[in-house]
Amino acid sequence: MDFTLTIMGTASAMPISDRNPSAQALAVHGRLFLLDCGEGTQQQMRRAHLSFLKVEAVFITHIHGDHLFGLFGLLNTMAMYGRTADLYVYGPQALGSVLNFYRSFFGDGAGYEIRFVAVDCREPQLIHDSKWVRVTAFPLNHKIECYGYRFDEKLTERRQREHPEVRPKSYAYCSDTAPFPQLAEWVSGVDLLYHEATYPREMADKAAARWHSTAEQAAQCARDAGAGRLVVGHYSSRIKDFDALLRECRESFPESIAAQDGDVFTF
Ligand SMILES: [Zn+2]
Ligand SMILES: [Zn+2]
């Protein structure tokens, strides 16, 4: 079965005319997992024909608005559509207060429960284990507490027996982060790695000062991890030349792709 990743936003910091802030949807066996939920997520989901009611869980990396400001609207729309299934929301402890604020002002009449699960780890930790997929959280190196998420497909015994050649698929999401040595190990061997590339290499000083990565650093992580493919995003609004950005990535890791809003990857 395929993993299908829809990139809904590739901007950093704030929306611009042709880029939304961070949000992605990973579809696994008909289940939807949202990764971050920046402004515009609902409209992007509609454009991609993704159902709000099929979202099983939301994984928030950190409490910066460009990763979170779309969540209230989405939670509200789920209620209006009559959602009854529990919604799991993962993220740093502080997200619990944000969700309590939402519930206290806007939660009346919702027919479903928001099940918040605080992520708090210094190294990779299994946080979500469902029939088809296992999700591990790991800390990133950002200005505030921030987590990446790795999805590993689970193969049923029957599938392993009947198709011994099939390898479980995997995906890792790393936004936002400055480079650090353990990361490549934690995302090692994934089929697809998303890594932020907020700045080009000539702005490495700015990247370091703001706890972000350059395109070159993203590619070095993918190379060290032995990833199958790299997708970069979370671009500074100053990035206009994507050919140059891609060249920078491909010097270290040829299988690099510079995502644009709305891109879909199946693997
Ligand atoms: Zn960000
Ligand atoms: Zn951030």
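The buried residues of helix α2 pack against β3 (31-37), α1 (41-47), β4 (55-59), β5 (87-92), α3 (94-106) and β6 (114-119), where contact means heavy atoms within 4.5 Å and buried means under 20% relative accessible area, with exposed over 50% and partly exposed in between, for a 1.4 Å probe and protein chains only. The names of these elements come from DSSP runs, helices being H or I runs of at least four residues and strands E runs of at least two, numbered from the N terminus. The model is predicted, so that local features need pLDDT of at least 70 and side-chain atom pairs count only at pLDDT 80 or more, while totals for chains, interfaces and linings use all residues. Residues are numbered from 1 along each chain as its sequence is written, chains are lettered from A and ligands numbered from 1 in the order in which they are written, and side-chain values use heavy atoms, with hydrogens and water left out.

Helix α2 itself spans residues 71-80, and its buried residues are Leu71, Leu74, Leu75, Thr77 and Met78. Seen down the axis of α2, these residues fall within an arc of 160 degrees and so line one face of the helix, the arc being that of the directions from the helix axis to the C-beta atoms. An α-helix has 3.6 residues a turn, so residues three or four places apart point the same way. After α2 comes Gly82, with a positive phi near 80 degrees.

Helix α7 (residues 215-225) can be read in a similar manner. Its buried residues are Ala215, Ala218, Ala219, Cys221, Ala222 and Ala225. Around the axis they cover an arc of only 155 degrees, which puts them on the same side of α7. The partners against which the buried residues of α7 pack are α5 (183-186), β11 (192-196), β12 and α8, and just after the helix Gly226 takes a positive phi of about 65 degrees.

We turn now to the metal sites. The zinc ion (ligand 1) has as its protein donors Asp66 (OD), His67 (NE2), Asp176 (OD) and His234 (NE2), lying 2.1 to 2.2 Å from it; donors are N, O and S atoms within 2.8 Å of the metal (3.2 Å for Na, K and Ca), and sites may look incomplete because water is not among the atoms. The angles among the four donor atoms of the zinc ion (ligand 1) run from 90 to 169 degrees, and the site is irregular. Four donors count as tetrahedral if all angles lie between 85 and 135 degrees, while four count as square planar and six as octahedral if opposite donors are over 155 degrees apart and all others between 65 and 115, and anything else is irregular. In sequence, the donor residues of the zinc ion (ligand 1) are spaced D-H-x108-D-x57-H. Asp66 lies in the loop between β4 and α2 and His234 in the loop between β12 (229-233) and α8 (242-252), so the pair ties together parts that are 168 residues apart in sequence.

For the zinc ion (ligand 2), the protein donors are His62 (NE2), His64 (ND1), His142 (NE2) and Asp176 (OD), lying 2.2 to 2.6 Å from it, and this site too is irregular, with angles of 90 to 165 degrees among its four donor atoms. The two zinc ions are 3.5 Å apart, and Asp176 coordinates both. His62, in the loop between β4 and α2, and His142, in the loop between β8 (133-139) and β9 (147-153), are 80 residues apart and link distant parts of the chain; His62 and His142 are buried.

The backbone at some of these donors deserves a closer look. Asp176 is found in the loop between β10 (170-174) and α5, and a cis peptide bond with omega about 0 degrees joins Ser175 to Asp176. His234 has a positive phi of about 60 degrees although it is not a glycine, and His234 is buried, with a relative accessible area of 1%.

His234 is also among the residues touched by Thr10, which is placed in the loop between β1 (3-9) and β2 (23-28). Because its relative accessibility is 0%, Thr10 counts as buried. Another residue with a positive phi, near 50 degrees, is His29, in the loop between β2 and β3.
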